[in-house]
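Here's a quick briefing on the structure shown below. We'll start with charge, move on to the overall build, then zoom in on one helix.

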Amino acid sequence: VHDAGRSNSYLQDQEAVALRVTSILILLSFLSMQAAGSDELPAGVRNILNIRQVPAESLSVYVADVETGDVVLDWLADEPRNPASTMKLLTTLVALDQLGPAYRWKTEIYALGDINDGRLEGDLLIKGYGDPFLVTERVWQLVRRIRLEGIDEIGGNLLIDDSWFDVGDHDPGAFDGQPLRAYNVGPNALLMNFKVIRYWFEPDGSTVKVKLDPELDNLAVDNRLRVRQGYCGGYQRGVAVTMNETNDEVTFSGRFPSGCRRYAMDRTALTHNEYVFGLFTHLWRESGGRFDGEWKNTVLADDEELEPLISFSSRPLQEMITRVNKHSNNVMARQVLYTIAAEANGPPGTEAGGREVIADWLARNDLEPCSLALENGAGLSRESRVCASAMAAMLRFAWQQPYMPEYLASMSLSGLDGTLRRRFKNSELVGMAHLKTGSLDHVAAIAGYLQSQSGRRFVVVALQNYEDIHRGYGDEVQEALLRWLYAK
């Protein structure tokens with residue numbers, strides 16, 4: 001009995017050893033499969049691609065643990081692709097690193113004459129330094145600051161100095177033949193309200209009322225709209241918009257549906273400096289001020305020993321990049337690119353100068369650009385290129401920096417705000433990712449950070465270039481990828 005017991009014990013020990021060996025082999029096999037799977041697309045992603053008949057070769061993906069750098073998925077990640085607006089993540093990161101989160105732009109006001117009994121006996125000069133968010137409300141605050149300096153009447157002209165940037169001959173229609181669209185506005189050192197007018201249309205009997213916000217006296221409106229009976233629908237609600245050659249008269253034609261209570265449309269107008277003159281004059285008179293002069297371009301000489309009457313500060317850079325990334329504001333991104341050029345190399349800031357600053361920054365931080373083609377810093381380009389692996393390396397770099405919280409907060413929260421506010425609704429992905437989206441014709445992209453259900457954080461980049469991929473198919477691929485990653 002004693003010998004039999006020892007034999008039985010021996011067999012149990014052997015079985016235990018065998019079980020442990022089997023467990024180890026299973027684990028090693030699993031790890032091997034995981035390693036092999038790092039260059040294989042998840043089944044859910046492949047299913048979407050197959051259903052939509054989109055080749056897997058159109059997609060680049062790079063996923064890595066943000067802390068350790070361990071690669072979770074590498075699918076054609078070294079293939080240069082058009083990243084669309086995810087390129088803004090590079091522009092804003094360099095700005096954060098070079099300028100700091102608390103950086104502020106300024107707009108200076110100079111009184112070129114004496115102020116007697118509330119009257120400025122001379123010209124008022126405005127010098128811009130590239131503030132990307134000098135919207136109507138902020139210009140109104142600027143006007144109030146001037147009025148508080150005791151100026152009720154401007155006896156001379158409005159002088160405008162926008163020499164801090166050198167934009168060259170910007171063609172707003174070059175990208176897609178839509179020169180009046182807000183996303184095509186070019187940068188300017190004295191950019192006001194993005195050079196955009198919001199037109200409000202309301203049916204009024206057989207005619208249509210058109211209201212402007214802001215109202216500009218130097219912009220003429222030719223309203224030829226008529227009302228048709230019908231529901232509120234159709235492209236631009238039937239409103240056709242044309243601008244004359246000098247860009248100072250807008251014509252509305254077509255038939256507006258009676259079913260629309262009100263409809264809004266944003267379009268650009270005038271030149272930058274004409275817009276500044278129109279907006280400033282409107283708000284100045286609205287505040288009770290008097291001004292009957294004209295506007296002129298000028299350059300304030302460096303050797304002129306003039307002290308500004310007012311130096312009006314912008315909101316800090318950390319707030320500005322949130323508007324750039326969450327809402328994918330193209331003109332603001334371009335303002336940032338010109339600003340880093342002007343600050344690094346001295347004025348004037350240029351697009352080429354901004355590209356040089358970014359290239360130098362990438363080299364200095366050992367971040368492989370991987371056939372980078374930046375162009376305008378906003379991603380509104382057919383020629384922009386970057387690799388998913390390079391963008392992921394940039395995002396991992398950002399994660400280690402002291403300004404990481406500001407950078408992270410600038411991106412859209414999945415299912416909650418920005419360009420992602422309508423996506424991933426009623427799913428486990430809501431609030432679990434900070435991402436920048438990118439979409440152009442035949443381009444769909446995302447880049448940013450995701451926290452999985454296990455608490456791990458990943459950097460994720462997906463760039464896809466294929467015919468009609470922007471028509472929702474790219475979004476389906478991205479959601480399948482993020483759901484797979486969330487389960488990690």
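**Charge and overall build**

In this predicted model, the chain carries 49 positive and 66 negative charges, and their mean positions sit 9 Å apart. The fold mixes eleven helices with 20 strands.

Surface and dimensions:
- The C-alpha trace spans about 120 × 60 × 40 Å along its principal axes.
- The chain exposes about 22500 Å², with carbon and sulfur atoms supplying 47% of that area.

Burial and contacts:
- The chain has 488 residues, and 50% of them count as buried.
- Take the contacts in the chain with a separation of 6 or more: 70% of them join residues 24 or more positions apart.

A look at helix α3:
- Helix α3 covers residues 88–99, twelve residues in total.
- At 1.5 Å a residue α3 should span 16 Å, and its end C-alpha atoms are indeed 16 Å apart, so expectation and model agree.
- Is α3 largely enclosed by the rest of the structure, or exposed? Ten of its twelve residues are buried, so α3 is largely enclosed.
- The buried residues of α3 start with the run Lys88, Leu89, Leu90, Thr91, Thr92, Leu93, Val94, Ala95 and Leu96, and Leu99 completes the list.
- As background, an α-helix has 3.6 residues a turn, so residues three or four places apart point the same way.
- Just after α3 comes Gly100, which takes a positive phi of about 90°.

Methods:
Residues numbered from 1 in each chain as written. Predicted model: local features only at pLDDT ≥ 70, side-chain atom pairs only at ≥ 80, totals over all residues. Heavy atoms only, no water. Helix = DSSP H or I, 4+ residues; strand = E, 2+ residues; numbered from the N terminus. Buried < 20%, exposed > 50% of the residue type's maximum accessible area, 1.4 Å probe, protein only. Contact = heavy atoms within 4.5 Å. Areas by Shrake-Rupley, 256 points an atom, 1.4 Å probe, with all protein chains shown as cover. Lys, Arg positive; Asp, Glu negative; His and termini not counted. Charge placed at Lys NZ, Arg CZ, Asp CG, Glu CD. Expected span 1.5 Å × (residues − 1).
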